[in-house]
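This report looks at a buried acidic residue, the nonpolar cores and the aromatic pairs of one protein chain. Please keep the sequence and the model in view while reading.

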Amino acid sequence: MKSYIIYLSCILGLLLTACQKDDYRLNTNMQPVPHLTAPADNKYVKLQPTTSASVTFEWDQARAEDGSLVQYEVAFDKPNGDFSSPVARYTSDGGGVQNRLTLSHKDLNSIAGKAGIPSLGVGKLKWTVLAAKGYNIRQAAETKLLEVERPAGFAEVPADMFLTGEATEAGADLSKAMKMKATAPGVFEIYTSLKNGKYHFAARNSGTPATYSWSGSALKEGGETEHTAGTNVYRLRLDFNNAAITVTRINSIGLWFAPLNKFLFELSYQGNSTWAALGQQIVFKQESWGRDERYKFRMAVTGSDGTAADEWIGSSNADNNRPTASSPLSYWELKPIGNNDQWNYCYKFATEADNRNCDVKVYFAPDKNYTHEVIVK
């Protein structure tokens, strides 16, 4: 038994000695990417960030000494950059293991902006490939240039937008800036009044946000816009996709009463994106089949070019029943209806509004769908 124990002790000692021996050190040796194969050097690309267009970057594989996988990143820099601090780095397709990268025009537009190429400008980006094996990162033996033409618009579109400045209803205190409504990706609008003074747009209402102003019909970074046309109500619409602004003066909003084929009254601006007509008598029209109560709204506007126009606002339904206490909130939502047809896309007053005084209020608030209400007095 004693000999058997001594034998086991020797075996365990040999095993422990073998475990302590480092026979499995990570081999990080590799050769860098030898050639960049696509796109061709100095290839010109006109970027279209609003489409699904893309550019594919390809290169020869880097070779690991132990034959294992190598991971790749594509680095972009300014033409005179040395990639010590690239403007952007993107992991290759397949989670970094494929020797190609597919980048959308939108991503390339963002990279071009970071490299200092202005909106609508033409400039060059230098690119190369970084191969990594463990902690060993090797830059490709080649670099290439890609010439890009940026579209109108901003490479980076803010998530939110606020209106602020002495000319606005909220004044120049950034914390009280008025939030704008996002109506589409990169598009914001607000219905508000402006008085003489300066104003601008901000990406946040705190800290030191990116700011924007406009000149002519072009939106630009930084600066302020001065309003000199006196106090009026406007719809300001910003389009960051095309670096454009549309300024529309709202002259009036009237309630169109379809049975009489005329406007009953106008609503006056109350501030805070709200219009109201208070204490207005509503009388339905008697027809052979019953009493008619259909209505919608017309907005009389003047464009930035001085052209007057009418914008009709009504229901999303061509026809409606009278609302009741159980009608959904969507019944009163305001939709552009694009025509001045006498009857279609009208709302109906509730039964209890007939021969009563009512308050009619229209809300273009940025935090919910545009809507209106009729309050029976």
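The sections below treat these topics in turn, and the model they describe is a predicted one.

## A buried aspartate in β6

D77 lies in strand β6, which covers residues 71-77. Although D77 is buried, it has no salt bridge, and the nearest side chain of opposite charge, that of K126, is 6.7 Å away. Because a salt bridge is counted only within 4 Å, the 6.7 Å to K126 does not qualify as one.

What does the side chain of D77 reach instead? It reaches the backbone nitrogen of F83, at 2.9 Å. Once the neighbours within four places in sequence are left aside, the residues in contact with D77 are D82, F83, S85, P86, V87, L125 and K126, so that F83 appears here as well as in the side-chain-to-backbone approach.

## Two nonpolar cores

The largest nonpolar core has 30 residues, and those with the most contacts inside it are V33, F57, W59, F76, L108, W127 and V129. Two or more residues each come from β4 (54-59), β6, β8 (100-104), α2 (105-114), β9 (122-133) and β11 (144-149), with β9 giving the most, namely 4 residues. Another core, of 28 residues, lies apart from this one, and I253, M299, A353 and Y370 are among its members. As a general background, nonpolar side chains in soluble globular proteins tend to be buried together.

## Helix α2 and the residue after it

Helix α2, one of the elements that give two or more residues to the largest core, has H105, L108, N109, S110, I111 and A112 buried. Of these residues, L108 is also listed with those that have the most contacts inside that core. Just after α2, G116 takes a positive phi of about 90°.

## Aromatic pairs

A search of the whole structure finds 25 aromatic pairs. One of them joins F57 and W127 in an edge-to-face arrangement, with 4.9 Å from centre to centre and 75° between the planes. This pair links distant parts of the chain, since F57 belongs to strand β4 and W127 to strand β9, 70 residues apart. Are the two partners buried or exposed? F57 is buried because its relative accessible area is 0%, and W127 is buried because its relative accessible area is likewise 0%. Both residues are also named with those that have the most contacts inside the largest core.

Elsewhere, F284, Y295, F297, Y331, W332, Y347 and F349 form one aromatic cluster.

Terms used: Residues are numbered from 1 along each chain as its sequence is written. This is a predicted model: local features need pLDDT of at least 70, side-chain atom pairs count only at pLDDT 80 or more; totals for chains, interfaces and linings use all residues. Side-chain values use heavy atoms; hydrogens and water are left out. Buried means under 20% relative accessible area, exposed over 50%, partly exposed in between (1.4 Å probe, protein chains only). Lys and Arg count as positive and Asp and Glu as negative; His and the chain ends are not counted. A polar contact is a pair of N or O atoms within 3.5 Å; within protein, one must be able to donate a hydrogen and the other to accept it, and residues adjacent in sequence count only if both atoms are side-chain atoms. Contact means heavy atoms within 4.5 Å. A nonpolar core is a set of buried Ala, Val, Leu, Ile, Met, Phe, Trp, Tyr and Cys residues joined through side-chain atoms within 4.5 Å. Rings of Phe, Tyr and Trp (its six-membered ring) pair if their centres lie within 6.5 Å; planes under 30 degrees apart count as stacked, over 60 as edge-to-face and the rest as tilted.
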